[in-house]
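Could you walk me through the main features of this chain? A short tour with a few residues to look at would be welcome.

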Amino acid sequence: MKAVSYTYDADPWFPLVQAQKAKCERMARSAGYEVVAQVHDESGNREGLQRLLDAAHTQGFDAIVVTELERLADDEESLDAILDRFDAEGIAVMTFPPEVGRALKELIAQEIEALAEQSNRDENFDPDLDDEQMARWERKVDAVIAQTLATHYPGIGWTPPEDA
């Protein structure tokens with residue numbers, strides 16, 4: 001099965017966008033989907049999402065993966081319309097439960113604070129994540145997801161996907 005990863009961020013700081021993409025990728029893989037495309041919009045512009053909606057029936061994907069439903073729209077009415085359009089095309093919308101989103105936001109806030117402190121100490125600090133840092137970040141994300149799901153949804157039994 002094929003999925004498209006959709007990310008949106010009003011503050012497009014590269015490590016956060018990378019983290020969002022990684023979460024979508026791992027969520028899709030854990031559910032047995034292959035991510036065949038990634039679409040990213042930022043700062044109030046959802047042109048990529050609009051293109052996905054307009055071409056949903058011809059794109060050849062089974063699901064759209066998003067970290068939180070709020071990434072798809074700014075208000076409930078728009079969100080309902082978007083979900084209805086994907087549903088009408090037979091495209092599943094995959095997302096984490098809200099408790100996972102809150103836990104991941106806390107983790108991201110901690111990481112931002114740590115990066116800011118490191119940046120203040122080192123004028124040559126590069127905030128972009130290299131492969132090793134990204135792998136470490138993904139392990140942290142996996143641990144938070146697993147712990148949160150085990151606490152709030154013990155019947156799910158989510159296991160992080162094996163790295164490709």
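What follows is a short report, going from the whole chain down to single residues.

## The chain as a whole

Please keep in mind that this is a predicted model. The chain contains 5 helices and 4 strands. If you trace it from the N terminus, the order of these elements is β-α-β-α-β-α-β-α-α.

Of its 164 residues, 41% count as buried. The exposed area of the chain comes to about 9400 Å², and carbon and sulfur atoms provide 46% of that area. Looking at contacts with a separation of 6 or more, 78% are made by residues that lie 24 or more positions apart.

## Where two helices meet

A good place to stop is the meeting of helix α2, residues 47-54, with helix α3, residues 76-88. Their axes come within 10 Å of each other and cross at roughly 35 degrees. On the α2 side, Leu-49, Gln-50, Leu-53 and Asp-54 make the contact, while α3 brings in Ile-82, Arg-85 and Phe-86. Sorted by class, this contact has 4 nonpolar residues, 1 polar residue and 2 charged residues.

Just past this helix pair you can find Glu-89, in the loop between α3 and β4 (92-94). Glu-89 counts as partly exposed because its relative accessibility is 37%, which falls between the 20% limit for buried and the 50% limit for exposed. Leaving aside residues up to four places away in sequence, Glu-89 touches Ala-56 and His-57. Leu-53, one of the α2 residues in the helix contact, is 36 residues from Glu-89 in sequence, yet their C-alpha atoms are 9.2 Å apart in space.

## Two buried residues

Thr-7 belongs to strand β1, which covers residues 2-9. With a relative accessible area of 1%, Thr-7 is under the 20% cut-off and therefore counts as buried. Which residues does Thr-7 touch, not counting those up to four places away in sequence? They are Gln-20, Lys-21, Cys-24, Val-39, His-40 and Asp-41.

Lys-23 may catch your eye next, in helix α1 (residues 14-30). Its relative accessible area is 6%, also under 20%, so Lys-23 is buried. Apart from residues up to four places away in sequence, Lys-23 touches Thr-67, Phe-96, Leu-104, Ile-108 and Val-141. Between Lys-23 and Ser-5 there are 9.4 Å from C-alpha to C-alpha, with the two residues 18 apart in sequence.

## Aromatic rings

If you go looking for aromatic pairs, the count for this structure is 0. What you can find is a charge over a ring: the charged end of Arg-46 sits over the ring of Tyr-8, at 3.8 Å from the ring centre.

Technical notes. Residues are numbered from 1 along each chain as its sequence is written. This is a predicted model: local features need pLDDT of at least 70, side-chain atom pairs count only at pLDDT 80 or more; totals for chains, interfaces and linings use all residues. Side-chain values use heavy atoms; hydrogens and water are left out. Rings of Phe, Tyr and Trp (its six-membered ring) pair if their centres lie within 6.5 Å; planes under 30 degrees apart count as stacked, over 60 as edge-to-face and the rest as tilted. A charge sits over a ring if NZ of Lys or CZ of Arg is within 6 Å of the ring centre and within 35 degrees of the ring normal. Buried means under 20% relative accessible area, exposed over 50%, partly exposed in between (1.4 Å probe, protein chains only). Contact means heavy atoms within 4.5 Å. Accessible areas come from the Shrake-Rupley method with a 1.4 Å probe; for residues, only the protein chains shown count as cover. Axes are lines fitted to C-alpha atoms, for helices over the stretch in contact, and angles run from 0 to 180 degrees between N-to-C directions. Ala, Val, Leu, Ile, Met, Phe, Trp, Tyr, Cys and Pro count as nonpolar, Asp, Glu, Lys and Arg as charged, and the others, Gly among them, as polar.
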